[in-house]
Amino acid sequence: MAKRGGFPGGMPGNMNNLMKQAQRMQRQMEENQKEMETKEFTAAAGGGAVEVTVTGKKEIVRVKLSEEVVDPEDIEMLEDLIVAAAGEALRKADEANAEIMNKMTGGLGLGGGFPF
């Protein structure tokens with residue numbers, strides 16, 4: 001009587017190799033993610049008057065302000081500069097993460113959102 005379903009004799013060699021590659025890629029992704037989390041990204045706004053540093057985990061760890069930018073009469077400008085510097089630092093972290101993912105996936109676009 002013929003067997004139904006599955007592969008006779010277990011997984012074929014190509015499937016086994018594919019599974020090993022997937023496991024290796026997963027380990028590499030985990031290592032890259034841990035490394036990314038330890039990196040810091042700094043960006044400035046207002047000609048360097050405001051600097052914001054974020055981690056690869058997208059946590060703000062430092063805000064540096066020049067004395068001349070602290071004007072009690074213009075708090076709104078300071079707020080805008082902090083937002084601009086934080087946004088740029090987060091973009092740098094995203095770009096670094098995307099670069100790592102592109103290296104891992106060979107530019108196949110498998111690093112995040114699905115295109116459908």
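**View 1. Ile60 and the nonpolar patch on the surface.** Ile60 is found in strand β3 of a model that is predicted. Because its relative accessibility is 53%, and exposed means over 50%, Ile60 counts as exposed. Together with Val63, Leu65 and Val70, Ile60 makes a nonpolar surface patch of about 330 Å². The accessible surface of the whole protein comes to about 8900 Å², and 53% of that surface belongs to carbon and sulfur atoms.

**View 2. The overall arrangement of helices and strands.** The protein contains two helices and three strands, and when it is read along the sequence these elements follow the pattern α-β-β-β-α. Of its 116 residues, 19% count as buried. Among the contacts with a separation of 6 or more, 43% are accounted for by residues that stand 24 or more positions apart.

**View 3. Strand β2 and its pairing with β1.** Strands β1 and β2 pair in the antiparallel sense, and six bridges connect them. The two strands form a hairpin with four residues between them, and in this turn Gly46 has a positive phi of about 65 degrees. One of the facing positions can be followed residue by residue, since Thr42 stands opposite Thr53 in β2.

**View 4. Strand β2 and its pairing with β3.** On β3, which covers residues 60-65, β2 again finds an antiparallel partner, this time over five bridges. Here too there is a hairpin with four residues between the strands, and Lys58 in the turn has a positive phi of about 65 degrees. Two bridge partners in β3 may be picked out in this view: Lys64 is the partner of Glu51, and Arg62 is the partner of Thr53.

**View 5. Thr53 and Thr55, two threonines of β2.** Is Thr53 buried or exposed? Thr53 lies in strand β2, and because its relative accessibility is 4%, while buried means under 20%, Thr53 counts as buried. Leaving aside its neighbours within four places in sequence, Thr53 is in contact with Glu40, Phe41 and Thr42, and also with Glu59, Ile60, Val61 and Arg62. Thr55 is found in strand β2 as well, and at 8% relative accessibility Thr55 counts as buried. With neighbours up to four places away again set aside, the contacts of Thr55 are Glu37, Lys39, Glu40, Phe41, Val61 and Ala93. The strand as a whole fits this picture, because five of the six residues of β2 are buried, so the strand is largely enclosed by the rest of the structure.

**View 6. The largest nonpolar core and the surroundings of Val54.** The largest nonpolar core has 17 residues, and the members with the most contacts inside it are Val50, Val52, Val54 and Val69. At least two residues of this core come from each of β1 (40-45), β2 (50-55) and α2 (75-105). Which element gives the most to this core? It is α2, with eight residues. A closer look at Val54 shows which residues it touches once those up to four places away in sequence are not counted: Lys39, Glu40, Phe41, Glu59, Ile60, Val61, Ala89, Leu90 and Ala93.

**View 7. Ala84 on helix α2 and the approach to Ala43.** Ala84 has its place in helix α2. Because its relative accessibility of 38% lies between the limits for buried and exposed, which are under 20% and over 50%, Ala84 counts as partly exposed. How far is the C-alpha atom of Ala84 separated from that of Ala43? The two C-alpha atoms are separated by 8.8 Å, although the residues are 41 residues apart along the chain. If residues up to four places away in sequence are not counted, Ala84 touches Ala45 and Arg91.

Terms used. Residues are numbered from 1 along each chain as its sequence is written. This is a predicted model: local features need pLDDT of at least 70, side-chain atom pairs count only at pLDDT 80 or more; totals for chains, interfaces and linings use all residues. Side-chain values use heavy atoms; hydrogens and water are left out. A nonpolar core is a set of buried Ala, Val, Leu, Ile, Met, Phe, Trp, Tyr and Cys residues joined through side-chain atoms within 4.5 Å. Buried means under 20% relative accessible area, exposed over 50%, partly exposed in between (1.4 Å probe, protein chains only). Contact means heavy atoms within 4.5 Å. Two strands pair if DSSP finds at least two bridges between them. Accessible areas come from the Shrake-Rupley method with a 1.4 Å probe; for residues, only the protein chains shown count as cover. Patches are made of residues with over 30% relative accessible area and no salt bridge: like charges are joined within 9 Å, nonpolar side chains (Val, Leu, Ile, Met, Phe, Trp, Tyr) within 5 Å. A salt bridge is a side-chain nitrogen of Lys or Arg within 4 Å of a carboxyl oxygen of Asp or Glu.
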